[in-house]
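Hi there,

Here is the structure I promised to pass on to you. Please have it open while you read the notes underneath.

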Amino acid sequence: MSSPPTSDLRHLENESIEMLREALAGARNPVMLYSIGKDSSVMLHLARKAFYPALPPFPVLHVDTTWKFRDMYALRDRAVAQAGMRLIVYTNQEGLAAGIHPVTHGSLHHTDVMKTQALRQALDKYGYDMVFGGARRDEEKSRAKERVFSLRGAGHRWDPKAQRPELWNLYNTHTRPGESLRVFPLSNWRELDVWKYILQEGIEFVPLYLARLRPVVRRGASWIMRDDERLPLLPGEQPQMRMVRFRSLGCYPFTAAVESTASTLEALIAETQQSRFSEREGRLIDLDQPGSMEKKKQEGYF
Amino acid sequence: MISTAQGPALPTLRFITCGSVDDGKSTLIGRLLHEARCVPEDQLLALAQDSRKHGTQGEAIDFALLVDGLLAEREQGITIDVAYRYFATPQRNFVVADTPGHEQYTRNMATGASTAQLALILVDARKGLLVQTRRHSRIVAMMGIRHVVLAVNKMDLMGFDQGVFENIVAQYQAFAADLGFASVQPMALSALQGDNMVASSPHMSWFQGPNLLQYLNQIDVQEKAGQRPFRMPVQWVNRPHADFRGFSGTVAQGEVRPGDAVRVLPSGVQTRVQSIVVWQGEATQAGQGDAVTLTLADEVDVGRGDVLAAADAPPEVADQFEARLLWMGDQPLVAGRSYLLKLHTREVVATVTEIKYQEDIDTGAHLAARSLSMNGIAMVNLSLSQPVAFEPYAVNHALGAFILIDRLAFETVGAGMLVFALRRASNIHWQALEVNKAARAGRLHQTPRCIWFTGLSGSGKSNIANLLEKRLYAEGLATYLLDGDNVRHGLNRDLGFTEADRVENIRRVAEVARLMVDAGLVVLVSFISPFKAERRMARSLFQDGEFVEVFVDTPLAECEARDPKGLYAKARRGELKNFTGIDSPYEPPQAPEIHLRARDAAPQALADEVSAFLLQGR
């Protein structure tokens, strides 16, 4: 207590490293979920720091809907290789064979089959008991309620009304057969902290977060980027070039861009500081039903 | 404090809101976020829609819905679990935990309190201090939170009356006088109307204090302690290859530099810090809160759960403690039952040997208690299976806080704080006898064992155990039979049949059996022993392979039909209370070494089945 107060970022980093190490010590078969977004990039970096000079002693799992932006796939393989970790890519083959399409089947069904069910299949297939995820409490109101070590019962279900008490930094890492823990080392980080940390540490991130001229179409109140030929155009629709960026990245047909001139990390941080809109405003899947995130999480979604 | 060009002047403030149901905690947070311009516009829009659907404020915005994020909370209009919100002013960053007011969710309130530096305790101006106000204040004090804001809310409903406010403040100050807070700041508020939230209220010109946000912006909660000795619990041993062995952990107190002399606890071995390894390099110093990896100068034995400490000022090591405990399990705490205890990075088996007293939540009075129900607070004695390095919670939270975990369901059932060690472990070395168990067993030419028969009353346990002892005796083994009824006439004559007494009954018998096994004997124990937890405790006293659990599996209907002592008939007439199978549960073993399906088989055949198991390979 006599040492000078550590800066807030230093405190967050220390706290996350402690969580990562504590989870590893209690795990039989751990894995890190990796979605290629800014939070995943920070989490991967923290894992490298937590276990240095050893390499992070677990693989990285990407549940691939096949509808990520092309820029994301490019970063994925490079970042995981740089960390010296093993990359496991899992896609719900039944969903793929059934031709589940984000546009024709809708976001609710596509997310359920290609993300939630796919994640459950992957976790069952490999038998992971400790699963790191990059979710932050600041992102969404049901995530604000979640523990750092969050218990999943049979079928990977979350029961938000019966969470384990979680006091101090004393995490209960025990599970019974069939149960697993989702661990969120970035629980206490805000969007701004993530960007400031990326700048401070020089962490590589998907360029889609920075403003560039991109081909987009206007749908309702949203700008949707046509990342490849698979996005069907509506009658009369013509992609136009706009200066846009993304605050949060998911499957590209469900991820709206915002108009912005923030083409550097410094400008992005300044814009985030002044933003009057929340980070997930562009994530259309959050709006597909009331209590949307909580319901998805109960079914096993991150 | 003023803001500097480098950023916030003060580190992040972590605080909680607590108090009784409907005192307006969630509304206060929502209002504060809104007034501090920390609610994004799209969330405000969603909030306006939600307010019309779930809100309790008519056409107006219901700010509580900003934090009550679970569907069940919005439907019921209550807070079930703690919500964490993050906001910032130019002065500092904030993390606020909005905690539930209902008594049944006290454990969630404690979860929020355990990491907070300040508590905002709400009181409804119409109702004054309630039981929950006092309960939450006690938990806040127990967790070591030193700063309190007494937020007297809903002043608008009392006509902004100064007398009402001052009366509540005086009552609270009298109540909190011995809770040890460093500061208690009273505030007269209306969270709903926004009075004194971020600006002085025009309705309460008599209130001279700062407004709420102003106060939170400037309060300094850093403890000004002097330099304190280094401590770091080891989380993980880092061994990427044969040439590197580092010990990863978070510095819990003090500072460390390469070359510092450190002691490994509990072993007491001394060595020096060789290097402080951090990402892609080494550091010349690490301080409290830093997550680092240390290498040591000598090849010493260090593992997870050990504490590295300044060699000239190490913490104590002990295995018996007085501790303050908040119980959070659905099932009551029973003295004598064993739990997993997690203290810093060490996990051991622990037993509450005695509940010294329960604290009356309202008055603080000490009450006698034999068990502790959910949300109760008690002072207890704890006995650990191994010595641990620790410090009293009041001295160092990181080395004095612990949780208790149920050994079967793995639920977190208790949160506690070590007060002091009852005796030092260094004084209780078991005498290393030259004549030991192996020597005694060797002379008897046998493998000592504990054969534990469990089953319902009338299942045939004692009969089978008797036949088995005859057989083993004939084989030349030295045996002894401990039978439930006989032991209850002597050693355990002071015990009845309540759950607490049954637990103690089994504990004593298990300890006696352990001594007899240590003497080299084959011990047969025939006890109903209905609870899994106690059988597991008994098993934990023995070495691997020594404990043989025999489940005498006779259906209840059959036992009741046999009723050799007429006990079932009595229990059915209500003359016998807490009778296993009738009004007290029997938890069948999941994986006994021997499972005797005893309904139709002859007792001799069943005894032979056990003796065959014991004598095989002899």
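Below is what I found, starting with a strand of chain B and then moving to the domains of chain A.

Please keep in mind that this is a predicted model.

Strand 1 of chain B covers residues 13-19, and six of its seven residues are buried, so the strand is largely enclosed by the rest of the structure. Which strands does strand 1 of chain B pair with? One partner is strand 3 of chain B (residues 93-98), in the parallel sense and over five bridges. In that pairing, B:R14 stands opposite B:V95. Strand 4 of chain B (residues 118-124) is also a partner of strand 1, again parallel and with five bridges. Here B:F15 is the residue that stands opposite B:L118.

Now to chain A. The domain assignment splits chain A into domain 1, made of 8-192 + 291-298, and domain 2, which spans 206-287. Their C-alpha centres lie 24 Å apart. Across the boundary, 21 residues of domain 1 of chain A are in contact with 23 residues of domain 2 of chain A.

Which helices of chain A supply at least two residues each of the side of domain 1 that touches domain 2? They are helix 3 (70-82), helix 5 (102-126), helix 6 (191-201) and helix 8 (292-298). By character, the residues on that side of domain 1 of chain A comprise nine nonpolar, five polar and seven charged.

Happy browsing, and best wishes!

Methods. Residues numbered from 1 in each chain as written. Chains lettered and ligands numbered in written order. Predicted model: local features only at pLDDT ≥ 70, side-chain atom pairs only at ≥ 80, totals over all residues. Buried ≥ 20, exposed ≤ 12 C-beta atoms within 10 Å, placed from the backbone. Helix = DSSP H or I, 4+ residues; strand = E, 2+ residues; numbered from the N terminus. Pairing = 2+ DSSP bridges. Domains from an automatic or database assignment. Contact = placed C-beta atoms within 7 Å. Nonpolar A, V, L, I, M, F, W, Y, C, P; charged D, E, K, R; others polar.
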